[in-house]
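Here are a few short exercises to work through with the model open in your viewer. Try each one before you read on.

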Amino acid sequence: MKLHHNPASPYTRKVMLIAHETGLADRIELMPIVVWEEAARLRVDNPLGKIPALILDDGSCLFDSSVICSFLDSLHDGPKMVPDGADRWRVERLHALAQGMTDAALVLRSDVTRELPADWYSNRMRDTVNSALDEAERLVPSFDRAVDLGTCALGAGLGYLDFRFPDFGWRDGRPALAAWYEEFARRPSMQATSAS
Ligand SMILES: N[C@@H](CCC(=O)N[C@@H](CS)C(=O)NCC(=O)O)C(=O)O
């Protein structure tokens, strides 16, 4: 396994902490990257242009850090990093708290480093949305009419784009995704939860 990695990234560090604690660190080859300078190279593996991203032996790539940690936890026979039973929700809640705190600290950090041109960060985020949409367009044939956590997250995200960014034009050039969403948006769950 290979990990797009930078020691300054707290999410990457969390993954490597789990790898060490579960005895898997030796199986991971670290591939150093500076995300702000090498977004194009990173997006080949992770459409979101973020680290950590773990390349598996079959060439597929797992992201984000929570998914990678769950994957690593499935590979070993020692004590699980996310326990079963009632303790699971205590651990998951603490994880969510730590993630939220880290997410907020990263926003503070990007404010500190704002000698960047005014639109640099929002342009990068726009590229990330488009790159994720392109990947979703590619994945639509694999959905097979599934209703699961993945398709519900996608339905919610696309609905948000329509709600807050009606001129974004996310359907342009993405006919499969547009057709999938048109049908998914008719589900009673989508109708019952619409903000608009
Ligand atoms: N939710 C993601 C967050 C990953 C993340 O934001 N990583 C930062 C580095 S610490 C990054 O790659 N930022 C680049 C960007 O946001 O474009 C995870 O848990 O993996």
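**Exercise 1.** Work out which pattern of helices and strands the protein chain follows along the sequence.

*Solution.* Start at the N terminus of this predicted model and write one letter per element: you get β-α-β-α-β-β-α-α-α-α-α-α. Then tally the letters, and the chain comes to 8 helices and 4 strands.

**Exercise 2.** Find out which way strands β1 and β2 run relative to each other, parallel or antiparallel, and how many bridges join them.

*Solution.* First locate the strands: β1 covers residues 2-5 and β2 covers residues 29-32. They run parallel, with 4 bridges joining them. For one of the pairings, look at His5, whose bridge partner in β2 is Pro32. Next, bring in helix α1, residues 10-21. Together, β1, α1 and β2 form a β-α-β unit, and that unit is right-handed.

**Exercise 3.** Now do the same for β1 and β3: in which sense do they pair?

*Solution.* Strand β3 is residues 53-55, and its pairing with β1 is antiparallel, over 3 bridges. To check this in the viewer, pick Lys2 and look across to β3, where Ile55 stands opposite.

**Exercise 4.** Put some numbers on the whole chain: what are its spans, and what percentage of its residues count as buried?

*Solution.* Take the C-alpha trace along its principal axes, and the spans come out at about 45 × 45 × 35 Å. With a cut-off of 20 or more other C-beta atoms within 10 Å, 17% of the 196 residues count as buried. Finally, take the contacts with a separation of 6 or more: 63% of them are between residues 24 or more positions apart.

How values were computed. Residues numbered from 1 in each chain as written. Predicted model: local features only at pLDDT ≥ 70, side-chain atom pairs only at ≥ 80, totals over all residues. Pairing = 2+ DSSP bridges. Helix = DSSP H or I, 4+ residues; strand = E, 2+ residues; numbered from the N terminus. Right-handed = clockwise from strand over helix to strand, strands pointing away. Buried ≥ 20, exposed ≤ 12 C-beta atoms within 10 Å, placed from the backbone. Contact = placed C-beta atoms within 7 Å.
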